[in-house]
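Thanks for making the time this morning. I would like to walk through one chain with you, going from a single residue outwards, and I will put the sequence and the model on the screen now.

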Amino acid sequence: MEFYEALEELYEMAGRPAPAVLVYQSKKPGNLGELKTSSLSEWLSKRSAVPSAGGPFDFLINYLLGKAKNAGAKKLRQLGYYQDLRRDAAMARDRALAVVRGKNPASRGAKPSAALKAYVQAASVLCAMHPTLGVGRIGDAPALSDVYQPQRAIRVGRWPAHQDADGLAEGALLHPAAVLKGGSCLIVAGPGGGKSSLLRQVLGAGLKLGDAEQPMPVLVPASALTGPGPLTQAIARHVKTELGSGWDIPPESARFFARPPRPNTAWLVLVDGLDEVIDPALRRQVLEKIRLGLRTDDGIHQFVVTSRPLTESELIVMGTETARLELQPFDGAGLTGFVQRWLAAHHGARAETRADALVRRVERSGLATLARIPLMATMLCQVIDANPDQEIADSRGQLYRQFTDLLQDRQFQGGLFDRAEEALKQYGPGLADDTIRALPRMMEQFATEHLSGRTGMVNLALRNQRPEPVPETVWDAVSRDLVRSTGLVTEQAGELAFLHRTLAEYLVVRRLATNSRVLRRRLVRVLRVGGRWPGLVAIWRLMTDWGYWDQREGDSHIGFLLDYARDLGIDASHLLRRLIYFGGVEGRAFVARQYEMGTHILPDILQVTLDRLARTASRPLAPGTDRVLAVEMLLRCGDSRGEQLLTAICANTPPKLEIMQPHIWADHDGEPLRVDHESHLQSEWRDIYYSFSRISRNRNLQDQVRALAIKAMTSYLRMLEDEEGLEELRATVAEESLDSAARAVVESALYRNRPDLEVG
């Protein structure tokens with residue numbers, strides 16, 4: 001048996017313990033050597049690396065043998081058997097390398113091909129030219145790397161055993177270099193959460209030829225993968241158009257991305273904006289291509305995919321072996337660090353003092369939570385820096401209005417009128433003035449087509465605004481220059497695209513707001529609970545798994561609708577109250593998310609929402625998933641009842657939470673369909689576990705609150721008989737910085753009935 005096959009078999013018999021557990025156990029005094037997560041990833045994913053002889057490898061084999069024996073495995077080999085296989089694998093590797101180097105000395109340095117050099121050069125130039133939000137054509141824009149501030153990330157679900165997790169530690173800052181070398185993963189965050197900026201930084205960090213072993217990144221929007229043909233053709237089609245004449249390679253460019261960029265290295269395909277593919281069928285098509293690439297191309301491609309939150313039924317297409325991360329908003333230190341970087345890039349001197357003053361002003365305004373979203377922080381910096389005496393916006397919608405107004409002022413400072421006048425004056429008087437007045441409507445039409453997914457209609461939408469005397473070629477150049485100068489868009493593969501999806505969402509709602517009746521009808525439609533019979537619908541929701549407001553990708557659009565309705569004097573209170581009373585816990589969680597996102601929610605509406613959430617959380621007979629979700633939303637909204645109710649729920653071990661019985665449907669003959677009650681029970685327990693997990697990872701909460709959530713997590717892991725999950729949780733908690741009282745609660749729960757274990 002070959003070395004890797006034998007190691008995989010032993011790993012399977014040992015129950016596939018998580019890499020974090022193995023590393024944690026290897027650090028204990030008296031062990032043979034300390035393991036590294038990167039080494040484990042190489043060995044367990046059957047890559048070409050062969051372990052060195054000695055301590056770490058011997059510890060791994062002994063530990064796995066012990067776990068396998070405890071699990072009841074039979075006919076186990078001894079350490080010496082695996083040492084011999086390791087030695088043979090190392091010798092075979094050395095012989096193969098000697099042959100290759102003897103025949104082709106140039107392969108020693110794995111020199112890049114001419115095509116790869118050209119790609120890196122062209123992509124580096126384009127990456128450096130990517131505009132900073134809001135800068136437009138004004139002045140010298142600072143590089144994204146000058147203002148970029150890393151964010152923390154938490155793991156979602158079980159971490160794949162083969163994943164290289166160096167630098168991807170639970171709750172740690174997610175640095176671009178860690179993503180570059182961390183393998184395939186899905187990164188989720190809400191609107192403006194920093195996903196696209198992270199991918200741009202990963203691209204910049206990886207476009208280097210010095211390290212022959214690191215993956216080579218290529219950035220593509222998810223929409224580019226919806227076209228016909230295999231994955232490599234779609235990538236090549238987009239990259240050729242994006243780089244243009246800067247990357248001149250033969251027509252068979254698809255082969256370039258179908259082969260490793262260098263020997264023993266992979267392409268890291270950075271897929272941005274999965275949620276921006278509107279059609280669910282097309283989204284699934286993209287995910288199917290990614291899954292096929294992960295499973296069938298021998299490691300030539302790795303994928304980092306970003307998206308707003310989508311349903312599990314969609315994301316599961318990627319498989320359970322792809323790691324998932326949830327990008328967190330800035331914490332207090334992260335926000336201050338970002339503001340310092342931004343001010344230093346724009347003003348240089350006294351950045352630290354000015355940053356502290358700006359952050360204090362934001363905190364006093366009540367927008368501290370909103371400002372921790374990276375896109376919002378960028379907007380606030382620009383708006384406050386440009387108009388220090390202006391009153392800070394009191395809602396997310398108002399901030400977008402101030403920001404777009406600021407950009408319009410900057411357009412004129414940058415000579416917008418003079419450029420338009422120079423290009424259009426020969427075709428008639430007043431054309432430049434008319435065109436600039438029409439620019440806001442042009443941008444709104446552009447946003448509508450962009451969000452609808454009709455990318456081919458964008459240029460047509462601009463051409464429809466062409467004044468009759470102006471030739472099409474002249475108008476195309478003028479209109480694209482005007483649109484780019486807004487600071488809201490960029491050009492990708494020859495197509496204009498918004499720098500951020502929320503900017504397009506805001507402009508679409510701004511267009512709707514020109515007719516208050518249309519806006520009111522849209523609000524009624526998106527906040528509808530159930531027509532004329534909301535009580536009946538509420539009962540129906542209890543009997544089925546139907547849900548409406550848990551589709552979170554619509555939160556941003558609805559938030560802008562609510563803010564504009566308020567500005568126009570449209571009272572949406574009755575719609576929100578119906579949602580609160582008849583929408584179940586999902587409806588109340590929706591209103592709470594809107595408040596957290598910065599949408600203006602009237603105090604009495606917020607109070608009713610929080611009261612209803614508290615009532616749900618305090619009802620012993622309410623579904624356990626509903627109770628924990630209600631507690632989570634209370635904590636996120638800063639309601640002190642959240643901590644009290646969490647304490648009450650966690651007073652028992654395990655927490656006494658009701659599990660809703662599945663609805664049993666009948667077949668065509670009236671016979672009840674079979675339901676696997678055990679699987680349903682475990683699924684409900686797992687959902688409750690993940691809810692407590694999200695609470696435990698929220699670093700804005702007190703240590704005692706997080707400790708209670710961890711205590712509840714341990715109870716559910718024991719109920720699920722998930723010993724591996726418990727060990728992984730112990731390893732994670734050992735790295736947490738908790739106060740002494742919180743750590744005592746955690747240790748008592750994690751190490752109950754395990755006097756032989758100590759916290760690291």
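Val705 sits in helix H33, which spans residues 703-719, and I should say at once that what you are looking at is a predicted model. With a relative accessibility of 2%, Val705 counts as buried, since the cut-off for that word is under 20%. Setting aside residues up to four places away in sequence, Val705 touches Leu635, Glu643, Leu646 and Ile695. If we take Leu635 from that list, it lies 70 residues from Val705 along the chain, and yet the C-alpha atoms of the two are separated by 9.3 Å.

Let me step back to the chain as a whole. It has 760 residues, of which 49% count as buried, and it is built with 35 helices and eight strands. Among the contacts between residues at least 6 apart in sequence, 69% join residues that are at least 24 apart.

Now to one helix in more detail, H24, which covers residues 516-526. Which of the residues of H24 are buried? They are Leu519, Leu523 and Val526, and because these residues span an arc of only 75° around the axis, they lie on the same side of H24. As a reminder, an α-helix has 3.6 residues a turn, so residues three or four places apart point the same way. On the face of H24 turned away from the buried side we find the exposed residues Arg517, Arg521 and Arg525. The cover over the buried residues of H24 includes helix H23 (501-512), helix H26 (555-567) and helix H27 (573-582). At the N-terminal end, H24 is capped by Asn515, which places a side-chain oxygen 3.0 Å from the backbone nitrogen of Arg517.

The next topic is charge pairs. The count for this model comes to 26 salt bridges, and I have picked out three of them.

In the first one I want to show, Asp331 pairs with Arg152, and the closest N and O atoms are 3.3 Å apart. This pair links distant parts of the chain, 179 residues apart, with Asp331 in the loop between strand E6 (323-327) and helix H14 (332-347), and Arg152 in the loop between helix H7 (144-147) and strand E1 (153-155). Are these two residues buried, exposed or partly exposed? Asp331 is partly exposed, at a relative accessible area of 24%, and Arg152 is also classed as partly exposed, at 27%.

In another pair, Asp275 forms a salt bridge with Arg308, where the closest N and O atoms are 3.7 Å apart. Asp275 lies in the loop between strand E4 (267-272) and helix H12 (280-296), while Arg308 lies in the loop between strand E5 (301-307) and helix H13 (312-315), so this salt bridge ties together parts that are 33 residues apart in sequence. Here Asp275 is buried, with a relative accessible area of 6%, and Arg308 is buried as well, at 3%.

The last pair on my list joins the side chains of Asp639 and Arg641, with 2.9 Å from N to O. Asp639 counts as buried at 12% relative accessibility, whereas Arg641, at 24%, counts as partly exposed. Coming back to Asp275 and Arg308, salt bridges that share partners join these two with Arg501 and Glu505 into one network.

As for cysteines, how many disulfides does a search of the whole structure find? The answer is zero. Two cysteines I looked at are Cys127, which counts as buried at 18% relative accessibility, and Cys185, which counts as buried at 4%.

Finally, a word on confidence. The chain averages a pLDDT of 79, and 80% of the residues score at least 70. Among the elements of the chain, helix H29 (residues 603-618) has the highest mean pLDDT, 95, and helix H25 (residues 534-543) the lowest, 43. The pLDDT is below 50 over residues 136-140, a stretch that has seven contacts in the model beyond near neighbours in sequence. It also stays under 50 over residues 755-760, for which the model has 12 contacts beyond four places in sequence. Where pLDDT is low, the predicted coordinates should not be read in detail.

Technical notes:
Residues numbered from 1 in each chain as written. Heavy atoms only, no water. Buried < 20%, exposed > 50% of the residue type's maximum accessible area, 1.4 Å probe, protein only. Helix = DSSP H or I, 4+ residues; strand = E, 2+ residues; numbered from the N terminus. Arc of directions from axis to C-beta. Contact = heavy atoms within 4.5 Å. Polar contact = N/O pair within 3.5 Å; in protein donor to acceptor, adjacent residues only side chain to side chain. Salt bridge = Lys/Arg side-chain N within 4 Å of Asp/Glu carboxyl O. pLDDT = per-residue confidence, 0-100. Disulfide = S-S within 2.5 Å.
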